[in-house]
Amino acid sequence: MLAICKKEFFALFRGLKSVFILVVFIGFSYFIADVVGENLNHLSSDGLSQIEMGSPYAAGLRFLVIGLGFLFVCLLSHDIVNKEIETQTIRFLVTKSSRSSIILGKYLGIVLFWSTILCLSYIPIAFVSKTIDIHLLGSLVCFVSFVISWTILLSTIIYRPSYTLLVGIITSILYPVVGVLSLAKNGVIWGILRYLTPYYYLLLKGYWILLPLLISLLLVFVATIIFARKDL
């Protein structure tokens, strides 16, 4: 499992798309933090404290993760499972590791990759704001872990990588829309969707931010069961 985790982690960093995403995350996060910092300095000179204004330095990073996180993860990992099935390289893996270890190793490798991306992107934010918000980083990692598990589940269910990319792009558009609407709408269905999507938990404090991580582990468990029954 650890070998698969390490393989997926370094494989993601070797891709040009990954480098592009890293540059976008770091550059956009710094740009927004710098712009916000300049405006906050003007507001502070008008008598408003930072506590009154909140801490919006990480607005850029939040937008990239919450608004476009599904799309970025989909572009990098939509074929994480079914590509190996299609090319039959999965047959070599199952001789070395159990099927559950393969899914879990891939999941951990991608989570580690995105955790690294988020931490590197937060460095310029911390430089500008001169603070480190561990709660924010933790909530974003938990959010991304949900997205990753959903992508792995799709790649396990759908046989062709091209279909997974199409479905992934569609869901990357629908998920944020449904998630935001579930926060504003009332009703039983919207209430259920509110608790099944990770957006609601970003508004909560304390240990509630861990719920998307728990849901992601449940999705990984479902993917493991489906993968275990697949004819390779």
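Which element gives the largest share of the lining of the largest pocket? A few points on this, and on the rest of the packing, follow.

1. First, a caveat: this is a predicted model. The answer to the opening question is H1, which puts 4 residues into the lining of the largest pocket.

2. The pocket itself holds about 410 Å³ of space. Its lining runs to 19 residues, and the ones closest to the centre are Ala 11, Leu 12, Leu 76, Asp 79 and Lys 83. Besides helix H1 (2–14), two or more lining residues each come from helix H2 (16–45), helix H4 (59–77) and helix H5 (82–86). If you're setting up a look at the chemistry, the lining splits into 6 nonpolar, 6 polar and 7 charged residues.

3. Next is the second largest pocket, with a volume of about 260 Å³. Here 14 residues make up the lining, with Arg 62, Leu 136, Ser 139, Leu 202 and Leu 203 closest to the centre. H4 turns up again, giving two or more residues along with helix H8 (134–157) and helix H9 (161–184). H8 has the largest share of this lining, at 4 residues. By class there are 9 nonpolar residues, 2 polar and 3 charged.

4. There are also enclosed spaces: the count is 2 cavities of 30 Å³ or more. The largest cavity comes out at about 70 Å³. Its walls are built from Phe 70, Cys 74, His 78, Trp 150, Thr 151, Leu 154, Thr 164, Gly 168, Thr 171 and Ser 172. H4, H8 and H9 each give two or more residues to that lining, and H9 has the largest share with 4. What classes do the residues of this cavity lining divide into? The split is 4 nonpolar and 6 polar, with no charged residues.

5. On to the packing. In soluble globular proteins, nonpolar side chains tend to end up buried together. In this model the largest nonpolar core has 55 residues, and Phe 25, Trp 114, Ile 148 and Ile 152 have the most contacts inside it. At least two core residues each come from H1, H2, H4, helix H6 (90–96), helix H7 (99–129), H8 and helix H11 (211–228). H7 gives the most, with 13 residues.

6. Trp 114 is worth clicking on. Setting aside neighbours within four places in sequence, its contacts are Ile 21, Phe 25, Phe 72, Val 73, Leu 76, Val 144 and Ile 148. Two of these names, Phe 25 and Ile 148, are also among the residues with the most contacts inside the core. Leu 76 ties back to point 2, as one of the residues closest to the centre of the largest pocket.

7. Last, the cysteines. The disulfide count is 0. Why is Cys 142 not in one? The cut-off for a disulfide is two cysteine sulfurs within 2.5 Å, and the closest cysteine sulfur to that of Cys 142, in Cys 119, is 12 Å away, so it is too far for a bond. Is Cys 142 buried or exposed? At a relative accessible area of 7%, Cys 142 is buried. Cys 74 is buried too, with a relative accessible area of 3%, and Cys 74 is also one of the residues lining the largest cavity.

Definitions and conventions
Residues are numbered from 1 along each chain as its sequence is written. This is a predicted model: local features need pLDDT of at least 70, side-chain atom pairs count only at pLDDT 80 or more; totals for chains, interfaces and linings use all residues. Side-chain values use heavy atoms; hydrogens and water are left out. On a 1 Å grid over the protein atoms alone, a cavity is a set of points where a 1.4 Å probe fits but cannot get out, and a pocket is an open set with protein on both sides within 12 Å along at least five of seven lines; lining residues have an atom within 4 Å of a point. Grid points are joined across faces, edges and corners, and a volume is the space filled by probe spheres set on the points. Ala, Val, Leu, Ile, Met, Phe, Trp, Tyr, Cys and Pro count as nonpolar, Asp, Glu, Lys and Arg as charged, and the others, Gly among them, as polar. Buried means under 20% relative accessible area, exposed over 50%, partly exposed in between (1.4 Å probe, protein chains only). A nonpolar core is a set of buried Ala, Val, Leu, Ile, Met, Phe, Trp, Tyr and Cys residues joined through side-chain atoms within 4.5 Å. Contact means heavy atoms within 4.5 Å.
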